Amino acid sequence: MTHICTPSDRWHFFRTWASDPFRVAAIAPSSQSLARLITKEIVLANAPVIELGPGTGVFTKALLDRGLSPADLVLIEYGAEFTGLLKQRFPQASVFNLDAAHLGDRRLPITQEAGAVISGLPLLSMSPRKVMSILNGAFSRIRTGGHFYQFTYGPRCPVPRPILDRLGLKARRIGTTLQNLPPASVYRISRRHGISGLIHPAAAASPSSSER
């Protein structure tokens with residue numbers, strides 16, 4: 001299925017941003033350049049793949065271009081205005097209208113743990129507790145050796161170092177694209193060696209807001 005970002009997509013995205021800028025945190029869909037960057041390490045062996053906050057499906061299309069089939073994809077989208085669009089464009093994918101912070105609590109139609117999670121969520125606009133909930137839920141779904149990919153418009157990893165330390169995670173920037181408005185970087189977040197599990201966010205004190 002071929003899909004590019006159309007003027008109607010940009011208008012739809014802008015209207016959604018205008019109604020709730022803290023949830024969407026961008027005035028336009030991500031560029032194809034960013035989509036290629038955030039999915040560049042994904043191969044068929046990573047299936048199934050979970051995508052958080054797919055919006056209009058720019059990253060979803062890039063995942064299909066990487067060789068995954070729609071049936072390999074689980075799309076978690078909180079905005080009902082985007083959920084219907086995703087179901088229309090990717091009818092064979094599993095699409096859920098769900099807050100990503102509850103990912104660990106929801107039963108998903110996958111028979112094995114995911115090899116990767118791709119995130120388009122605006123983590124910088126979220127509370128530390130919610131970021132911890134999202135990462136906990138995601139890594140409860142990711143098999144050993146799998147990764148969480150997150151983009152950011154900021155100069156550092158959007159997950160603060162105290163949160164990474166508390167959850168036993170590490171982050172590495174894998175690239176930056178200037179062909180995005182605004183320019184964006186992508187981080188690969190993974191488990192540290194010797195760390196087998198995560199903690200529940202309620203069991204941890206709120207980390208500071210400093211970033212790695």
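This report walks through a predicted model of one protein chain, from its overall layout to one helix and a few aromatic rings.

**The chain as a whole**

Let's start with the big picture. The protein chain contains seven helices and seven strands. If you follow the sequence from start to end, these elements come in the order α-α-α-β-α-β-α-β-β-α-β-α-β-β. The chain has 212 residues, and 52% of them count as buried. What about the surface? About 10,100 Å² of the protein chain is exposed, and 53% of that area comes from carbon and sulfur atoms.

Contacts tell you how the sequence folds back on itself. Take the contacts between residues at least 6 apart in sequence: 70% of these join residues at least 24 apart.

**A closer look at helix 4**

Now find residues 58–65 in the structure, which make up helix 4. How many of the eight residues in this helix are buried? The count is seven, so helix 4 is mostly covered, given that a residue is called buried when its relative accessible area is under 20%. The buried residues are Val58, Phe59, Thr60, Lys61, Ala62, Leu63 and Leu64.

Which elements do they pack against? One partner is a helix, helix 3 (32–38). The others are strand 1 (49–52), strand 2 (73–77), strand 4 (114–119) and strand 5 (142–152). After helix 4 comes Gly67, a residue with a positive phi, near 110°.

**Aromatic rings**

Across the whole structure, a search turns up three aromatic pairs. Two of them are set out here.

| Pair | Distance between ring centres | Angle between planes | Arrangement |
|---|---|---|---|
| Phe139 and Phe148 | 6.3 Å | 25° | stacked |
| Phe151 and Tyr153 | 5.4 Å | 70° | edge-to-face |

Why is the pair of Phe139 and Phe148 called stacked? Their planes stand at 25°, and planes under 30 degrees apart count as stacked. For Phe151 and Tyr153 the planes stand at 70°, and an angle over 60 makes a pair edge-to-face.

Are these residues buried or exposed? Phe139 and Phe148 are both buried. Phe151 is buried as well, with a relative accessible area of 9%, whereas Tyr153 has a value of 31% and is partly exposed.

Finally, the rings lead back to helix 4. Phe59, one of the buried residues of that helix, forms one aromatic cluster together with Phe151 and Tyr153.

Definitions and conventions. Residues numbered from 1 in each chain as written. Predicted model: local features only at pLDDT ≥ 70, side-chain atom pairs only at ≥ 80, totals over all residues. Heavy atoms only, no water. Buried < 20%, exposed > 50% of the residue type's maximum accessible area, 1.4 Å probe, protein only. Helix = DSSP H or I, 4+ residues; strand = E, 2+ residues; numbered from the N terminus. Contact = heavy atoms within 4.5 Å. Areas by Shrake-Rupley, 256 points an atom, 1.4 Å probe, with all protein chains shown as cover. Phe/Tyr/Trp six-rings, centres within 6.5 Å; stacked < 30°, edge-to-face > 60°.
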